[in-house]
Amino acid sequence: MRAPRLNPVSFVSSAVPRLLLAPMEGMLDARLREVITRLGHYDWCVSEFVRVTNAVLPNRSFRRAAPELARAARTPAGTPVRVQLLGSDPEMLARNASRLVALAPAGIDLNFGCPAPTVNRHRGGAVLLEEPELLFRIASAVKLAIGGRVPFTAKMRLGVHDTSRAIEAAQALAAGGAELLVVHARTRDEAYRPPAHWAWVGRIAAAVPVPVVANGEIWTLADYLKCRDESGATAVMLGRGALADPFLAARIRTHLTDGNALDGHDDWARLSPEVLAYWHVVQAEALPRHAPGRLKQWLNLLRRRFPAAQALFDRVKVLREPAAIAAVLADACSAEAVAAPDLPLLSPA
Ligand SMILES: Cc1cc2nc3c(=O)[nH]c(=O)nc-3n(C[C@H](O)[C@H](O)[C@H](O)COP(=O)(O)O)c2cc1C
């Protein structure tokens, strides 16, 4: 099915805010996307990046990053999944985008935000923000390859060392054909250190003819409201905040639709079965040495919001053996949860 094209005007003025779930390589995989998009309603999510170097990748590379491609590019909750590409070669990115389109993703996104030194050394991610002319060529080539068959977006930071070329970079991407920009409101050098400079999102939005989505450091409803005030953007992309508080999207939507706070969503009892079910799935699928790490990563974020997650994290963090972790979880999570780890599973990728 052809994904709907974005209309910039309705996107920005829509009464219901657009909430997007961020790509997070090594953390927010299909299993966690499944949980998070079920607990909070997101308009779409973006896969972990697929790195493009000097080859046209086989279909399995795209399917590995987005197993949802096997099910109409949607999570089991029905949330569309867009696939993100990372690279610097316009022609190779275009050829890979062409191949990816045939797998019918809900959209294609380009990564100009990754700060990882290895990626940046190979001219990928945020480092390209210093080359607006190249950004334009990449976006133009990918746009042509996609040929309007799926939505095309890009995600950027404010720059590498400073914000001096932020506007130029955003304009290059928009001029090249990106239909929407997500702005992670920090430079590459600022990595993930607070604060995020939300006012910059507004400056960029004023300088480009496409919708601009704010991203960075939104952990709570109060952060969302502050970001909206400072950036003027109603559309936001949530990353770590969505994992720390899986009800954050619901909290924001509820507040904006009826002005109320969401009741009962601080209830760890609602979340602990999800954690347990996630553990069962990860344990079944990941290599034994990787499974504990996946769980600990999520608990590490959950503990910011939920005291019970802190207690669980403290018990689990020193454990390496899956059996020992399973015992702690069984003990910490409710008897009901233990009896019914009821996660609707994706079929294996
Ligand atoms: C572990 C981790 C992995 C990430 N992977 C990606 C990625 O694959 N692609 C991308 O565009 N951004 C990636 N990001 C950046 C996030 O999408 C987001 O821009 C950033 O975390 C700021 O948003 P937040 O403060 O809501 O987390 C990653 C961030 C983290 C913490």
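The following paragraphs walk through a predicted model, from its barrel of strands to its helix contacts, its ligand shell and two backbone details.

Because the model is predicted, local features are described only where pLDDT is at least 70 and side-chain atom pairs count only at pLDDT 80 or more, whereas totals for chains, interfaces and linings use all residues. Residues are numbered from 1 along each chain as its sequence is written.

A good place to begin is the sheet. Eight strands form a closed barrel in the order 1-2-3-4-5-6-7-8, and their pairing is parallel. Here helices (H or I, at least four residues) and strands (E, at least two) are DSSP runs numbered from the N terminus, and two strands pair if DSSP finds at least two bridges between them. Within this sheet, neighbouring strands are turned against each other by 30° on average, direction ignored. To see one pairing in detail, look at strand 4 (residues 108-112) and strand 5 (residues 152-156), which run parallel and are joined by 5 bridges; Ile 108, for instance, has Phe 152 in strand 5 as its bridge partner.

Helices pack on this sheet, and contact here means that the C-beta atoms of two residues, placed from the backbone, lie within 7 Å. Helix 4 (residues 90-101) touches strand 3 (81-86) and strand 4, and its direction makes about 160° with that of strand 3. Helix 7 (residues 166-176) touches strand 5 and strand 6 (181-184), with a direction that makes about 165° with that of strand 5. Such angles run from 0 to 180 degrees between N-to-C directions, and the axes are lines fitted to C-alpha atoms, for helices over the stretch in contact.

Helices also pack on one another. The axes of helix 7 and helix 8 (residues 198-207) lie 9 Å apart at an angle of about 45°, which makes helix 7 oblique to helix 8; angles under 35 degrees count as roughly parallel, over 145 as roughly antiparallel, 65 to 115 as roughly perpendicular and the rest as oblique. Their crossing is right-handed, a word used if the near helix is turned clockwise from the far one by less than a right angle, with left-handed used if it is turned anticlockwise. The contact brings Ala 166, Ile 167, Ala 170 and Gln 171 of helix 7 together with Trp 200, Arg 203, Ile 204 and Ala 207 of helix 8.

In another pair, the axes of helix 2 (residues 30-39) and helix 12 (residues 268-285) come within 10 Å and cross at roughly 160°, and the two helices are therefore roughly antiparallel. Arg 31, Leu 32 and Val 35 of helix 2 meet Glu 274, Tyr 278, Val 281 and Val 282 of helix 12, so that this contact has 5 nonpolar, no polar and 2 charged residues, where Ala, Val, Leu, Ile, Met, Phe, Trp, Tyr, Cys and Pro count as nonpolar, Asp, Glu, Lys and Arg as charged, and the others, Gly among them, as polar.

Turning to the ligand, its shell holds 23 residues, of which Ala 22, Pro 23, Glu 25, Gly 239 and Arg 240 come nearest; a residue is near a molecule if its C-beta atom, placed from the backbone, lies within 6 Å of it. Strand 2 (44-51) and helix 10 (240-244) each supply at least two residues of the shell, which by class has 9 nonpolar, 9 polar and 5 charged residues.

Two details of the backbone remain. Most residues other than glycine have a negative phi, and most peptide bonds are trans. Arg 123, in the loop between helix 5 (117-121) and helix 6 (132-146), has a positive phi of about 55° although it is not a glycine. The peptide bond from Pro 194 to Pro 195 is cis, with omega near 5°, and Pro 195 is placed in the loop between strand 6 and helix 8.
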